[in-house]
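Got the model open in your viewer? Here is a short tour, one selection at a time.

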Amino acid sequence: MRLLHTMLRVGNLERSLAFYQEVLGMRLLRRNDYPEGRFTLAFVGYGDESAHTVLELTHNWDTDSYELGTAFGHIAIEVDDAAQACDMVRAKGGKVVREAGPMKHGHTVIAFVEDPDGYKIEFIQKHR
């Protein structure tokens, strides 16, 4: 078994694709429109789906926003330097919601940013 993807519903697909590609450096792997169902699926990630877990961005054409709910937590991305990753996100117009620093009750350096729909993305700094 292998984890394939995580699906996020997004209100504006172009805005979300810009964030994940231009701010976080992911690639658009594939995109399919389903006119009869009035939705589009776009898959983004850091590597090919055959070997990497990716994100599926689902855009329902008639829905501009979603309530995020309280059950979903965040997506985690490993980075070399969490503070530098936050600076990069901020420089590209992204929103940093927790600056880089040690996690509570631990030593791992983490930070959090937010995508255009309000989903949290955690940066976890590689152990050196």
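**First stop: a charged pair**

Select Arg30, which is partly exposed at a relative accessible area of 37% (buried means under 20%, exposed over 50%, partly exposed in between, with a 1.4 Å probe and protein chains only). Before you click on, note that this is a predicted model, where local features need pLDDT of at least 70, side-chain atom pairs count only at pLDDT 80 or more, and totals for chains, interfaces and linings use all residues. Residues are numbered from 1 along each chain as its sequence is written, and side-chain values use heavy atoms, leaving out hydrogens and water.

Now add Glu49: its salt bridge with Arg30 has the closest N and O atoms 2.8 Å apart (the criterion is a side-chain nitrogen of Lys or Arg within 4 Å of a carboxyl oxygen of Asp or Glu). Glu49 sits in the loop between S3 and S4, while Arg30 is in strand S2 (residues 27-34), 19 residues away. Helices (H or I, at least four residues) and strands (E, at least two) are DSSP runs, numbered from the N terminus.

**Next: the sheet**

Show S5, S8, S7 and S6, in that order: they make an open sheet of four strands with mixed pairing (strands pair if DSSP finds at least two bridges between them). The edges are S5 (75-79) and S6 (95-102). Zoom in on S5 and S8 (residues 120-125), a parallel pair with five bridges; Ala76 is bridged to Glu122 there.

Then bring in helix H2 (residues 82-91), which packs on the sheet and touches S5, S6, S7 (109-114) and S8. Contact here means heavy atoms within 4.5 Å.

**Inside: the core**

Which residues touch the most other members of the largest nonpolar core? Pick Tyr20, Leu24, Leu57, Ile121 and Phe123, out of 26 residues. Such a core is a set of buried Ala, Val, Leu, Ile, Met, Phe, Trp, Tyr and Cys residues joined through side-chain atoms within 4.5 Å. H1 gives the most, with five residues. Centre on Ile121 and you'll find, among its contacts beyond four places in sequence, Phe19, Ile75 and Phe112.

**Last stop: more charges**

There are nine salt bridges to hunt for. Try Glu114 with Lys120, at 2.7 Å between the closest N and O atoms: Glu114 is buried at 16%, whereas Lys120 is partly exposed at 31%. Finish on Arg90 and Asp87, paired at 3.3 Å, N to O. They are three residues apart in H2, so about one helical turn separates them. Add Glu99 to see the salt-bridge network that links it with Asp87 and Arg90.

Terms used: Axes are lines fitted to C-alpha atoms, for helices over the stretch in contact, and angles run from 0 to 180 degrees between N-to-C directions.
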